[in-house]
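Trainee: Could you take one part and look at it closely with me? Please start with a single residue and work outwards.

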Amino acid sequence: MSGAESVPYAGLGGWTPEALVASGVVRAVLSAPHPVLSRAAGEVDPTADETVQLAADLVATMRVSPGCVGLAAPQVGVGARVFAVDVTGHPKAVTVHGTFVLCNARVVEATRWKPGREGCMSVPDLTGDVKRASRLVVEGDLPGTGEPVRLVTDGFEARALQHEIDHCSGLLFLDRVAGAHAVYQRKVYL
């Protein structure tokens, strides 16, 4: 999807993980400093069988991981621009689109920057303060159908999306902290 194309509708258009028609397999989550976590991932064909299976695997892995609100393909060792997000039930979430997977996602608008604490399954012992946009517009493609979508969100869900898009760009939240003084030992283990 090029930046010049217009997206035909906003939101997910009723898409759910069940649309993948693939049984997800739980995959091992890699920890830093694994090299795949620091490499930019490649774009994918959202209709390809391997992309659909990867999407289902990301959802399955996220669902069995307590406290997980997002998981990107590089975290399971695949250099692909695919990630899953679900902030449903999180106490900081206001806008919630449920469980969804995006391919080839990119930020098209980011405003209202605010600092906030982040953690990551690939950096299990640390958290850090990261400044992120609290209002976000993201465009991407749905796995399986390849339908282009434009998602408008805010707050915690916007933070989760930016965190996962960063993973697809080879960045960890540690690459975004203001300095060593903004990194902390995790106090709660999930």
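Mentor: Tyr-184 is partly exposed, with a relative accessible area of 29%. (Buried means under 20%, exposed over 50%, partly exposed in between, using a 1.4 Å probe and protein chains only.) This is a predicted model: local features need pLDDT of at least 70, side-chain atom pairs count only at pLDDT 80 or more, and totals for chains, interfaces and linings use all residues. Residues are numbered from 1 along each chain as its sequence is written, and side-chain values use heavy atoms, leaving out hydrogens and water.

Tyr-184 sits in strand β6, residues 183–185. (Strands are DSSP runs of E, at least two residues; helices are runs of H or I, at least four; both are numbered from the N terminus.) What does Tyr-184 contact, leaving aside its neighbours within four places in sequence? The list is Arg-117, Asp-125, Leu-126, Thr-127, Gly-128 and Asp-129. (Contact means heavy atoms within 4.5 Å.) Take Gly-128: it lies 56 residues from Tyr-184 along the chain, yet their C-alpha atoms are separated by 5.9 Å.

One of those contacts, Arg-117, leads on to a pocket. Arg-117 helps line the second largest pocket, and so do Lys-92, Arg-132, Phe-156 and Arg-159, among others. (On a 1 Å grid over the protein atoms alone, a pocket is an open set of points with protein on both sides within 12 Å along at least five of seven lines; lining residues have an atom within 4 Å of a point.) β3 (100–120), β4 (123–141) and α2 (155–168) each give two or more residues to this lining. The largest share, four residues, comes from β3. By class, the lining has three nonpolar, three polar and five charged residues. (Asp, Glu, Lys and Arg count as charged; Ala, Val, Leu, Ile, Met, Phe, Trp, Tyr, Cys and Pro as nonpolar; the others, Gly among them, as polar.)

Follow β4 next. Seven bridges join β4 to β5 (residues 148–154), and the two run antiparallel. (Strands pair if DSSP finds at least two bridges between them.) Gly-140 has Val-149 in β5 as its bridge partner. β4 and β5 form a hairpin with six residues between them. In that turn, Gly-144 has a positive phi of about 95 degrees.

Last comes α2. In α2, 13 of the 14 residues are buried, so this helix is largely enclosed by the rest of the structure. Just after α2, Gly-170 takes a positive phi of about 85 degrees.

Methods
1 Å grid on protein atoms, 1.4 Å probe; cavity = no way out; pocket = protein on both sides within 12 Å on 5 of 7 lines; lining within 4 Å.
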